[in-house]
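Let's take a friendly walk through a protein model. Have the sequence and the 3D view ready, and follow along one stop at a time.

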Amino acid sequence: MAARISFSQYRLEAEIERCRGECQWDKIPGLVEQLISARIHEDVMHSRFTDIDYRFVSLLTNDYGNLLLAEALLEECLLENTSQLESSTALEETNQPKLRKAKELLSSILNRGKLQPRYLTEALLLLAKLYYVQGCYRDAQGMCDRVGFEDMAMEEQPLYHIRLLAEAFVIKGLSLERQEVSAASRVRLSEREEESLSCYLKACSSELLYLQELDKTLSTSHSKSVKNNVPSMEFELSFFQQAALQSAYLSMLRKGNVAQGVQQLRQVLRAVDTRGSQSFRKAAARKLAGALLSMVSEDSYWSPLTPLPPDWLDRERIVSLRDSCHYPLRAPHQYSGDSLFCPQDTVEEAVLLLLISESMANRDAVISRAPEQQEARSNSLQDATSVYDLLSIAMARRGQYTMLSECLERAMKFSFNEFHLWYQLGLSLMACGKGASAVSVLRECAKMRPSDPAIPLLAAKVSIGQLHWLEEGEAFARQVLDMGEQAAEFLPRAHLAVGLCYSLQATDASLKGSQDEFNRKALESLKIAHSLDPDDPQIALYLSLQLALVRQVSAAMEPLQRALNLRNDDLHSLHLLCLLFSAQKHYQFALDTINLALSQHPDSFSLLFTKVKLEEVLLGPEVALETCQHMLRLWQNSFESTCNSEADEGSSVPELVPPSRATSALHLALPDFQDPETGSQRAPSIAASRLEQAMSEMSVPSSSQKQGPAQVWTTLEHIWLQAGELFVAQGRVKEASFCVQEAGTLYPASYNVLLLRGRLAELQGNAGEAKTLYDEALTIHPQGARILLHLGRLLLRAGRPGLGEKLLRDAVQAQSTSHEAWSSLGEALQAQGSSQAPECFLTALELEASCPIVPFTVIPRQL
């Protein structure tokens with residue numbers, strides 16, 4: 001019987017040790033009661049055959065049981081008051097019955113002094129923890145010093161001893177840090193800080209080791225529970241366990257020791273992962289990413305696997321883990337091996353850390369909308385938001401907006417009605433060019449904050465600029481106008497958005513009456529915007545541009561001068577000034593202005609295209625061709641550094657790396673699918689460009705291998721076509737054919753390429769081939785004014801004035817400000833003896849008098 005009871009007692013003690021190691025405090029009271037009963041029964045049976053007083057043995061058993069009960073009560077009290085501990089609020093015995101009872105039990109045990117040395121150490125450490133939570137930091141430090149735990153040999157001790165040791169280290173460190181410093185003790189303040197930091201470092205290593213050993217225990221228990229269909233236990237860190245892991249690097253970063261803090265965080269994250277450290281690792285990864293992004297520059301970065309650079313060593317005094325006293329535990333296990341990935345720069349390491357944190361945040365997100373889950377949902381959302389904010393900073397530095405939008409899209413599953421994340425998603429979608437999705441997201445954001453005028457204005461910006469959704473853009477701008485005075489400084493911008501919508505609608509309109517009405521509304525809205533904010537250079541610029549579009553060239557000079565006074569280096573303002581000079585036939589002034597603009601914006605292709613036209617008029621095609629050659633060199637040099645393979649020897653077009661690696665320093669002023677006839681983003685031109693791009697991809701298999709933004713290749717195509725037109729003007733057919741061939745290599749089905757091929761055929765006297773090419777170009781772009789003009793002229797010269805008149809009328813309708821179309825229409829009418837011919841000639845003369853060297857619509861109209 002005695003042997004069986006002794007074995008039962010052994011199993012109870014082992015179970016108690018396991019529960020203490022796994023922090024299962026709710027099971028301790030029941031186990032203590034069973035242990036005391038078993039020991040009393042065994043002692044009574046044993047006392048029949050010996051002279052030992054079983055009452056003395058029972059007293060020892062009660063002291064051990066009271067120690068266990070005191071620990072369980074104290075830990076349960078701390079779990080119930082975690083928020084107060086995190087805010088450093090002392091716990092009062094009067095309000096905490098469990099704390100009061102635990103103190104009474106510990107005091108009675110220590111007063112009797114009958115505990116074994118091993119259990120006495122545990123009682124003193126528990127009392128140190130109790131003093132700390134009551135705010136008695138000096139008493140807590142005294143208890144830790146009395147124990148002398150730093151010299152304890154812990155190799156063969158149970159699991160819960162490692163936890164006690166980690167908590168004791170952090171309690172001593174926190175107690176040293178939070179004690180008031182008197183005038184006499186200020187001289188040893190640095191010594192105290194160093195001792196406190198040493199305690200934190202040891203607490204962190206002890207806690208990591210404890211979690212790794214605990215994970216082994218739980219893994220063994222889980223394998224047994226799977227066989228018995230028992231669910232595995234989920235482990236959460238207590239306040240002191242979290243403090244043991246975090247205090248070291250937080251103290252370092254708080255004192256400005258950035259290198260030490262970063263190095264400590266890296267060491268912690270390299271420790272072998274455990275199920276109990278998941279939430280901590282998420283917070284530590286986020287903290288390390290934040291420290292790298294805000295405190296470590298690209299030049300001062302060092303690899304995680306290399307020692308600290310000398311400049312960091314000179315700035316900071318490095319504290320070693322074992323520099324002040326013996327460390328009683330073995331170091332925690334760390335990941336090692338030759339296959340470990342090592343980041344090469346600050347942003348790369350930060351993004352890697354944040355992507356890991358983002359994955360964990362998504363996994364731990366609370367989706368339930370139940371009222372009892374509100375606090376947990378709020379905490380998980382706050383954690384996720386901080387990760388996504390840092391991701392936005394890190395990825396924006398590298399222009400990785402597409403990846404950022406994909407990350408934010410994953411957050412939508414737990415972001416119902418959360419404005420901040422929705423707004424971040426909308427901004428990232430704008431930045432990566434996903435305009436339609438951005439507008440949808442911003443529309444939802446506007447519903448969440450209907451009084452914020454910035455949101456509909458952003459939606460209007462995307463609708464006007466990226467999507468050419470003019471009606472939607474006007475509707476968004478009207479939402480801001482409806483706010484009235486509440487829109488404050490956004491009100492002029494709303495009027496500007498409405499004016500731009502009307503202006504673009506006037507460009508798209510095919511009827512003269514509609515064009516005049518839209519132009520009138522646009523001018524009215526822009527004047528209101530300018531009166532509300534005369535110091536906005538963009539409003540002044542677009543007011544001047546609208547006046548220029550309706551051919552009020554002299555009136556356009558005044559607001560443009562205002563815009564240049566406010567921002568004298570603005571590219572579009574300088575470009576518009578050049579065009580106004582050219583409209584007044586001051587070509588030399590225009591050329592001087594374009595050269596001035598190019599001195600400040602040397603990579604602007606839109607300025608260079610205008611310079612080519614001016615040089616052709618002033619200096620002849622030969623000089624203009626030199627500028628075209630410069631444009632080709634500029635294009636190639638600007639992208640040469642991003643090439644992932646050498647250019648084919650037989651081609652003049654170098655390959656580009658993917659857009660994610662493309663340089664962002666080059667300023668391409670030509671918008672996507674820009675029509676070289678008018679420079680505007682007309683809806684028919686957009687559709688035609690998309691059609692020709694699709695046909696080109698089907699025509700030439702190699703064209704699908706072109707990498708990079710479409711507008712980059714469109715720019716190169718325009719350079720070749722511009723050079724071809726100059727050669728045509730000189731009558732150099734062979735050189736012009738070469739340029740057309742190079743442009744056709746990029747987009748074989750481009751209507752611009754077909755148009756120039758038709759002009760070449762016409763120059764060579766092949767009228768039939770020229771008509772066929774013009775017809776093909778017209779099939780792709782039915783509203784192309786230049787195509788209609790050349791085809792109409794060809795038919796007129798071929799003796800078919802009736803059909804030529806129809807095509808020329810279509811050209812006038814497509815571009816009512818083209819003096820060439822009006823003049824050719826007059827010739828067609830004159831050939832047929834029509835009395836309307838003089839009126840057409842007069843209109844052509846009037847338009848030609850105010851015609852710029854390139855259309856005013858080459859200036860992009862966008863918010």
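## Two helices crossing

Begin with a pair of helices: H11 passes H12 in a left-handed crossing. This is a predicted model, so every value in this report is computed. Two packed helices are described by the angle between their axes and the distance between the axes. For H11 and H12, the angle is about 150° and the axes are 10 Å apart.

Which residues make the contact between H11 and H12? From H11, the contributors include Val 258, Val 262, Leu 265 and Leu 269. H12 brings Phe 280, Ala 284, Leu 288 and Met 295, among others. Charged side chains take part too, including Arg 266 of H11 and Lys 287 of H12.

## Helix H14 and its partners

Now move along to helix H14, which covers residues 346-364 and has 19 residues. From its first C-alpha to its last, H14 reaches 27 Å, close to the 27 Å expected at 1.5 Å a residue. Where H14 starts, a side-chain oxygen of Asp 345 comes to within 3.2 Å of the backbone nitrogen of Val 347.

Many names appear on the buried list of H14, among them Val 347, Val 351, Leu 354, Glu 358 and Ala 361. An α-helix has 3.6 residues a turn, so residues three or four places apart point the same way. Try tracing those buried positions in the 3D view. What do the buried residues of H14 pack against? Their partners are helices H11 (258-270), H12 (278-295), H15 (374-397) and H16 (401-410), so you meet the crossing pair H11 and H12 again here.

## A buried lysine

Is Lys 129 buried or exposed? Lys 129 sits in helix H6 (residues 117-133), and it counts as buried because its relative accessible area is 2%. Setting aside neighbours within four places in sequence, Lys 129 touches Leu 74, Glu 75, Leu 78, Arg 163, Glu 167, Ile 171 and Phe 240.

You can also use Lys 129 to compare sequence with space. Lys 129 and Asp 139 are 10 residues apart in sequence, and their C-alpha atoms are 9.9 Å apart.

## Two unusual backbone angles

Most residues other than glycine have a negative phi, and most peptide bonds are trans. Ser 88 is not a glycine, yet its phi is positive, at about 60°. Look for Ser 88 in the loop between helix H4 (82-86) and helix H5 (97-112). With 40% relative accessibility, Ser 88 is partly exposed.

His 468 also has a positive phi, near 60°. This residue lies in the loop between helix H19 (454-467) and helix H20 (470-483). His 468 counts as buried, because its relative accessibility is 11%.

## The whole chain

Stepping back, the chain has 37 helices and zero strands. Of its 863 residues, 52% are buried. Among contacts between residues at least 6 apart in sequence, 66% join residues at least 24 apart.

## How far to trust it

The mean pLDDT of the chain is 83, and 83% of the residues reach 70 or more. Confidence is highest in helix H23 (residues 537-549), at a mean of 97, and lowest in helix H29 (residues 683-699), at 49. Over residues 641-679 the pLDDT is below 50, although this stretch has 91 contacts in the model beyond near neighbours in sequence. Residues 694-704 are also below 50, with 11 such contacts. Where pLDDT is low, the predicted coordinates should not be read in detail.

Note on methods
Residues numbered from 1 in each chain as written. Predicted model: local features only at pLDDT ≥ 70, side-chain atom pairs only at ≥ 80, totals over all residues. Heavy atoms only, no water. Helix = DSSP H or I, 4+ residues; strand = E, 2+ residues; numbered from the N terminus. Expected span 1.5 Å × (residues − 1). Buried < 20%, exposed > 50% of the residue type's maximum accessible area, 1.4 Å probe, protein only. Contact = heavy atoms within 4.5 Å. Polar contact = N/O pair within 3.5 Å; in protein donor to acceptor, adjacent residues only side chain to side chain. pLDDT = per-residue confidence, 0-100. Axes fitted to C-alpha atoms, helices over the stretch in contact; angles between N-to-C directions. Left-handed = near helix turned anticlockwise from the far one by under 90°.
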